[in-house]
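This briefing is for a reader who is new to the structure. The sequence and the model come first, followed by notes grouped by topic.

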Amino acid sequence: MSEAFEAAVRCVRDKIEHILAEVSSALPGCKQLVFIEEPGMASLMDIGYPLAPDAAIDLVSGSLAAIEPYAVAGLHVCGLGDVASQLATGPAVLSLPVHEILGASAGYLAKFMERGGLIAWGAVSTNGPISTSAERPWRALCGLWCDLVRRGIDPVMLRQQSLITPDCGLASHTPSVATRVFHIAAEIG
């Protein structure tokens, strides 16, 4: 592994410790959920990825491990990627965009949830046109969940161990759009 990747892990760990301390200071006694966003994992299995999958998984796992003593550690990957590799990093919460292709990963997701893992379902799109109602994202989530149940995931566990979120970040949107996205996510939830 290159020196640059090792330096990046040290930087991420330092930043995590700083953020955790600041939030703990502002909100003492509140349990925190901290996500590592690693968009590169979406292409982890592509030919030409700059690291072997095991090395990349270890790097992300190290970042998640820095969170675990202080907060619940989550992993967010913008886009679709190899679910097994994402789970191999060891998150307590896995953020996934709602997409029909995830039905093929039902076995991995079931085992993750059986061990107590939570899934943050990115049900509300933040790319392209933003929904004006919960109807379309709700139908997509229901379709995916029905497929996952058909493939063996316990429906009660699925409901109890799920969070509903935007599918990706909102930094490029206005506050009014971000508010609308969160209202839709809350309605679906």
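Helices (H or I, at least four residues) and strands (E, at least two) are DSSP runs, numbered from the N terminus. The model is predicted, so local features need pLDDT of at least 70 and side-chain atom pairs count only at pLDDT 80 or more, while totals for chains, interfaces and linings use all residues. Residues are numbered from 1 along each chain as its sequence is written, and side-chain values use heavy atoms, with hydrogens and water left out.

**Helix 1 and a surface patch**

- Val-23 is part of helix 1, which covers residues 3-26.
- With a relative accessible area of 30%, Val-23 is partly exposed; buried means under 20%, exposed over 50%, and partly exposed in between (1.4 Å probe, protein chains only).
- Ile-19, Val-23 and Leu-27 make a nonpolar surface patch of about 230 Å².
- Patches are made of residues with over 30% relative accessible area and no salt bridge, where like charges are joined within 9 Å and nonpolar side chains (Val, Leu, Ile, Met, Phe, Trp, Tyr) within 5 Å.
- Accessible areas come from the Shrake-Rupley method with a 1.4 Å probe, and for residues only the protein chains shown count as cover.

**Strands 1 and 2**

- In strand 1 (residues 33-37), Val-34 and Ile-36 point to one face and are buried, while Leu-33, Phe-35 and Glu-37 point to the other face and are not.
- In a regular strand the side chains alternate between the two faces of the sheet.
- Strand 1 pairs with strand 2 in the parallel sense over 5 bridges; two strands pair if DSSP finds at least two bridges between them.
- Phe-35 has Gly-74, in strand 2, as its bridge partner.
- A right-handed β-α-β unit is made by strand 1, helix 2 (residues 53-67) and strand 2.
- A crossover is right-handed if, with the strands pointing away from the viewer, the path from the first strand over the helix to the second runs clockwise.

**Cysteines**

- There is 1 disulfide in the structure, a disulfide being a pair of cysteine sulfur atoms within 2.5 Å.
- Cys-78 and Cys-168 form the disulfide, with their sulfur atoms 2.2 Å apart.
- Cys-78 sits in the loop between strand 2 (72-76) and helix 3 (83-88), and Cys-168 in the loop between strand 5 (162-166) and helix 7 (175-188), so the pair ties together parts that are 90 residues apart in sequence.
- The disulfide of Cys-78 and Cys-168 is right-handed, because the torsion about its S-S bond is about 75°.
- Cys-168 is buried, at a relative accessible area of 19%.
- Cys-142 is in no disulfide, and the nearest cysteine sulfur, that of Cys-146, is 6.2 Å away.
- Cys-142 is partly exposed, at 24% relative accessible area.

**Salt bridges in and around helix 5**

- The whole structure has 3 salt bridges, each a side-chain nitrogen of Lys or Arg within 4 Å of a carboxyl oxygen of Asp or Glu.
- Glu-135 and Arg-139 meet in a salt bridge (3.1 Å, N to O), and both lie in helix 5, 4 residues apart, about one turn of the helix.
- Glu-135 is exposed at 52% relative accessibility, whereas Arg-139 is partly exposed at 47%.
- Asp-147 meets Arg-150 at 3.9 Å, N to O, and Arg-151 at 3.0 Å, N to O.
- Asp-147, Arg-150 and Arg-151 are thus linked in a network of salt bridges.
- Within this network, Asp-147 is buried at 16% relative accessibility, and Arg-150 is exposed at 63%.
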